[in-house]
Amino acid sequence: MPAPMKQTVRRSLLVTSATLASLALTAPVSLAAPSPSPSASPSAGPSGSPSGSPSSTSSGGSTAAPPAKMSTVGGVRLGLPGTQVALAGDVPVVPKDVTARSWIVADAESGDVLASHNAHWRLPPASTMKMLFADTVLPKFPRATEHKVVPADLEGIGSGSSLVGIKENETYTVHDLWLGVFLRSGNDAVHVLSAMNGGVDNTVAEMNDHAEELQALDTHVVSPDGYDASGQVSSAYDLTLIARSGLQKKDFREYCSTVSAKFPGATKKNKKGKKVRESFEIQNTNRLLSGDYDISQYPGIAGVKNGNTTNAGATFTGVAERGGRVLLVTVMNPDKTEHNEVYKETAKLFDWGFEAAGKVTPVGELVAPKGTEQAAQPGANPSSSATAGTSGEAGGAGNAADKPVAGAVAEDGSRGMWTALAITGGVLVLLAGGAFLVNRRWPLPDLVRRRR
């Protein structure tokens, strides 16, 4: 197989829509991840630091040990416990004070994994699972669609859940509901959208199917909102794959990068006896996006999603741009308990990644979804400019579920201090007959910040 071309060259492959759809449905799973184990729980496993091979370095103060054998999707080194990084020459040393049980730093465009730590450790994901929920359900309903909430829509919400404040017998647009999902991590908004999507069970099944399509094989969904549930797991690797897929969608980029918005309140009678419905402001709980008293907004941040539960601890996946390079960082369950620790450790890994990018040899890659990977096999189209990369090579993934987009934040109540715009879609519709151009790289040229 030819070596990957330079990152500045866009690699593409023409395939028919029928072939792509067929392969997406029938392509076998290349490597199944191990089933959930007790070690997936933060409280499970003996105390001690992760073991590693001679090519690994130790990092962090995790108090539970990762499994000795993990998935090797994306490269053999990604299945090894401990920190995986190729330190040589002028490559900076990975921050020593990162205590997360699992983390990953990857180039969002090329798919190169610059460094990782227990990348395939299956851990509870908390509300970062909402990224998979959004990537699965977002394309199904136009944002202007209205839905009147009935009591059944809000059944089954876990005790202590984060809520945006949805009221029974009130009408909300799909746009309102997604603002509630992304900004306030509202489990009530997730349940209403799930009800619109045929119910929680159907939505969970679709999310699991989509995870398999993305080759996020460490992921098993039990609750669509990420609420702690037995057997519900993901990994830093999978959450990064999922975020990368979601960022191909215009609405996903808009919502995950919106700092604050107006949300509809309850309908009440004013002093004159007239029914009125006021709105209230909601803020994004991603502290690298909104800032906090002990942490500033991270320069170039444009999403993605945070989470925190008793079982999962703090989790976060972020995307940021600097100097034309776009990185994805996922951090799961820091051992330190300082306020906003997950964001502080993410910022340190972003800083390292931007300094190391272009100098460090990748230790793995973010693999393509099953359909596009199969479609990109050698001989599928002799006119393609490059073929799919193998494990450890620079490669990427197209997403046959979305068209290229470029637009601004909607003016109907939401406002974004930083908003990701014009991220090129992975699949371009070329012909009315249904041929697609599949970019092996998923280029993300500009993440435009707007201040209002």
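This is a short tour of a predicted model, moving from packed helices to a pocket and then to two details of the backbone.

**First stop: helix H2 and its two neighbours**

Begin by selecting helix H2, residues 129-137, together with helix H5, residues 200-213, whose axes come within 9 Å of each other and cross at roughly 95°. Because angles from 65 to 115 degrees count as roughly perpendicular, that crossing makes H2 roughly perpendicular to H5. To see where the two helices touch, show the side chains of Met129, Leu132, Phe133, Asp135, Thr136 and Val137 on H2, and those of Thr203, Glu206, Met207, His210 and Ala211 on H5. Coloured by class, this contact of H2 with H5 shows six nonpolar, three polar and two charged residues.

Keep H2 selected and add helix H6, residues 236-246, whose axis comes within 9 Å of that of H2, the two crossing at roughly 35°. The crossing in which H2 passes H6 is left-handed. On the H2 side, look for Met131, Leu132 and Asp135, which meet Leu239, Ile242, Ala243, Ser245 and Gly246 in H6. In the contact of H2 with H6 there are five nonpolar residues, two polar ones and one charged one.

**Second stop: helices H3 and H4**

Next, select helix H3, residues 174-184, and helix H4, residues 187-196, which pack with their axes 8 Å apart and at an angle of about 135°. H3 and H4 are therefore oblique to each other, and H3 passes H4 in a left-handed crossing. From H3, the residues that make the contact are Val174, Leu177, Trp178, Gly180 and Val181, while H4 brings Ala189, Val190, Val192, Leu193 and Met196. How do the residues of this contact of H3 with H4 divide by class? Nine are nonpolar and one is polar, with no charged residue in the contact.

**Third stop: the largest pocket**

Move now to the largest pocket, which holds about 660 Å³ of space. A good way in is to select Asn306, Gly307, Asn308, Thr309 and Ala314, which of its 36 lining residues are the closest to the centre of the pocket. Then widen the selection to strand S10 (301-309), strand S11 (313-322), strand S12 (325-334) and helix H9 (341-356), each of which supplies at least two residues of the lining. The largest share, five residues, comes from S10. If you colour the lining of this pocket by class, six residues are nonpolar, 20 are polar and 10 are charged.

**Last stop: two details of the backbone**

Most residues other than glycine have a negative phi, and most peptide bonds are trans. With that in mind, stay on strand S10, where Val304 is found, and zoom in on the bond that joins Gly303 and Val304, a cis peptide bond with an omega of about 20°. Finally, select Asn169, which lies in the loop between strand S6 (146-148) and strand S7 (171-173). Although Asn169 is not a glycine, its phi is positive, at about 65°.

Technical notes. Residues numbered from 1 in each chain as written. Predicted model: local features only at pLDDT ≥ 70, side-chain atom pairs only at ≥ 80, totals over all residues. Heavy atoms only, no water. Axes fitted to C-alpha atoms, helices over the stretch in contact; angles between N-to-C directions. Helix = DSSP H or I, 4+ residues; strand = E, 2+ residues; numbered from the N terminus. Parallel < 35°, antiparallel > 145°, perpendicular 65-115°, else oblique. Contact = heavy atoms within 4.5 Å. Nonpolar A, V, L, I, M, F, W, Y, C, P; charged D, E, K, R; others polar. Left-handed = near helix turned anticlockwise from the far one by under 90°. 1 Å grid on protein atoms, 1.4 Å probe; cavity = no way out; pocket = protein on both sides within 12 Å on 5 of 7 lines; lining within 4 Å. Points joined across faces, edges and corners; volume = space filled by probe spheres on them.
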